[in-house]
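Please open the structure in your viewer and keep the sequence panel beside it. This tour moves from one chain to the place where two chains meet, with a selection to make at each stop.

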Amino acid sequence: MTELNVRENQKGNSFLSEVAQASGETISACFQCQKCSAGCPIAYAMDILPNQMLRHIQYGHRKRVLSSKTIWICASCYSCSVRCPNNIDIAKIMDTLRALAIHSEFKPGEKDIPIFHSVFLDTIKSKGRIHELSLILQFKSKTRDFFKDAALGWKMYRKGKIKLFPSKFGGGKEIKEIFNAFEKGART
Amino acid sequence: MKEISYYPGCSLHGTAREYDDSIRGVSKLLDIQLYELEDWTCCGASSAHCTDEKLAIDLAARNLALAEKNDRDLLVPCVACYSRFKAAEKEVKEHPEKVHLSYHGNVPIRYALDFFCDEGTLEEVKKRRAKPLSGLKVACYYGCLTVRPPKMTGVREYENPQHMDRLMKTLGADPVPWCYKTDCCGASLVMTRTDIVKKLNDRLLSMAMEAEADCLVTGCPMCQANLDTRQEELEKETGKKYNLPILYFTELMGLALGHKDVKKWLHRHITDPVKVLNGKGLI
């Protein structure tokens, strides 16, 4: 674990209250039993384990937390949340941290994952539904990794699993309104 | 005849077509009439809740508002959609002021696996079973969001769920005990951190095989695609042999109920299930 800077905490912990308020979770209740990290299937790939993440928030380590890999590779499987003896919904806190990270000045700890989410949302905005081929092509054009999974894609196409054209949908006006509200909220 | 609204979701119109076809097929055999929601849109999936809570709730609530226009329950076959819908339902019940769409939390949201595993449906399945799946050992794989978080799903045995096991027994199959029923397959990272996904896949496939399962059964289009499509690639990397078919529970229901299109559904899989089922004399 990286060293914990207690002095940062003494300045008044605005980050802890910010995360606690946005998530509605009592982060200060964590007593480091580490049950969350023991059951996390992805812990091995994290730079900060779930229990360490809660401690970093308690100490107010804003930059360390918001630029971590952990917040992006958490798969939201909720194993941690259901096993926490203090009823802290850790998966929900990860959602809060991702949203804070997107609006922060820090470079995200994972390069491709936030790009994927933004391409995914763009696809919903323009097509209403996820058309897998459009999503994949757009994601590849942003990450410049054209050959990864190309053979698998062809195999799936031949099995009739990849549709060439998106299906038509109504409700475009409502989707537009939903995204307008989101983009307006993001600006303010 | 039972009537229910149906929200297929994006995957079932693409990579999970056989799930959609088998749900429709099995419903017909069980006298369940599905009404696909008109003009449904994406639930927002992981990307919406990983980006903005309100956007996630709104995208889900738009579909629930459509479903609320009639007084039928809503059948949802994809676990990701189901989880997002339940989150929107919880939000509208706890903070109605935050949900601006005309959605009031009045439509019962039924995840397909739970729906087909309820007492009444199991009785029907038992009555109409044409071909028991004798000798077929199945690893029931629930994955994460079918059971978690239990305060949303209502599943009581969330660490060791039994409902799919009961359904499989009703079909005449033999569910094997194994410890990875509810472990995550990492599907939301499949395009971005494929390395993590492969490691989780290897663990799940290896454990199902160690439990001597002939196939793995799921009710999630993401888990299915994830575990089905990368076995060959994984074999090259780990040196192990997998070749474990990944089936939708509705495909096995179709097989036991004698649906005529079962082979069509099975031919869409990347890891061939026909050979295993043939070997058991089931096809």
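What share of the contacts in chain A with a separation of 6 or more comes from residues 24 or more positions apart? In this model, which is predicted rather than determined by experiment, such residues account for 68% of those contacts.

**Chain A as a whole**

Begin by selecting chain A and showing it as a cartoon, where you can follow 12 helices and zero strands, so that from the N terminus on each element in turn is an α element. Taken along the principal axes, the C-alpha atoms of chain A fill a box of roughly 55 × 35 × 30 Å. If you then switch on the surface of chain A, about 9,700 Å² is exposed, and carbon and sulfur atoms supply 55% of that area, while buried residues make up 48% of the 188 residues in the chain.

**A threonine in α10 of chain A**

Next, select T143(A), which lies in helix α10, residues 132–143, of chain A. Is T143(A) buried or exposed? Its relative accessibility is 13%, and because buried means under 20%, T143(A) counts as buried. Setting aside residues up to four places away in sequence, T143(A) touches D112(A) and I115(A), and you may wish to show both of these side chains together with T143(A).

**A nonpolar patch on the surface**

Now move to F165(A), which is found in the loop between α11 (150–158) and α12 (172–187) of chain A. Here the relative accessibility is 65%, and because exposed means over 50%, F165(A) counts as exposed. Add W154(A), Y157(A) and L164(A) to the selection, since with F165(A) they form a nonpolar patch on the surface, and together the four residues have about 480 Å² of accessible area.

**Where chain B meets chain A**

Bring chain B into view and select the contact between the chains, which takes 56 residues from chain B and 51 residues from chain A. The size of an interface is often given as the accessible area lost when the parts come together. Between chain B and chain A the buried area is about 4,900 Å², of which carbon and sulfur atoms give 61%. Across this interface there are seven salt bridges, and one of them can be shown by selecting K151(B) and D89(A), whose side chains meet at 3.8 Å, N to O. The count of residue pairs in polar contact between the two chains, both at pLDDT 80 or more, is 19. On the side of chain B that touches chain A, the elements that give two or more residues include α1 (17–29), α3 (53–67), α9 (194–210) and α10 (221–229) of chain B, and the largest share, six residues, comes from α9(B).

**A last stop in α10 of chain B**

Finally, select α10(B), a mostly covered helix in which eight of its nine residues are buried, among them P221(B), C223(B) and L227(B). Within this helix lies T229(B), which counts as buried because its relative accessibility is 8%. A polar atom of the T229(B) side chain lies 2.6 Å from the backbone oxygen of A225(B). Leaving aside neighbours within four places in sequence, T229(B) is in contact with L152(A) and M156(A) as well as with I270(B), and showing these side chains with T229(B) completes the tour.

Terms used
Residues are numbered from 1 along each chain as its sequence is written. Chains are lettered from A and ligands numbered from 1 in the order in which they are written. This is a predicted model: local features need pLDDT of at least 70, side-chain atom pairs count only at pLDDT 80 or more; totals for chains, interfaces and linings use all residues. Side-chain values use heavy atoms; hydrogens and water are left out. Helices (H or I, at least four residues) and strands (E, at least two) are DSSP runs, numbered from the N terminus. Buried means under 20% relative accessible area, exposed over 50%, partly exposed in between (1.4 Å probe, protein chains only). Contact means heavy atoms within 4.5 Å. Patches are made of residues with over 30% relative accessible area and no salt bridge: like charges are joined within 9 Å, nonpolar side chains (Val, Leu, Ile, Met, Phe, Trp, Tyr) within 5 Å. Accessible areas come from the Shrake-Rupley method with a 1.4 Å probe; for residues, only the protein chains shown count as cover. Buried area is the accessible area (1.4 Å probe) that two parts lose on being put together, summed over both. A polar contact is a pair of N or O atoms within 3.5 Å; within protein, one must be able to donate a hydrogen and the other to accept it, and residues adjacent in sequence count only if both atoms are side-chain atoms.
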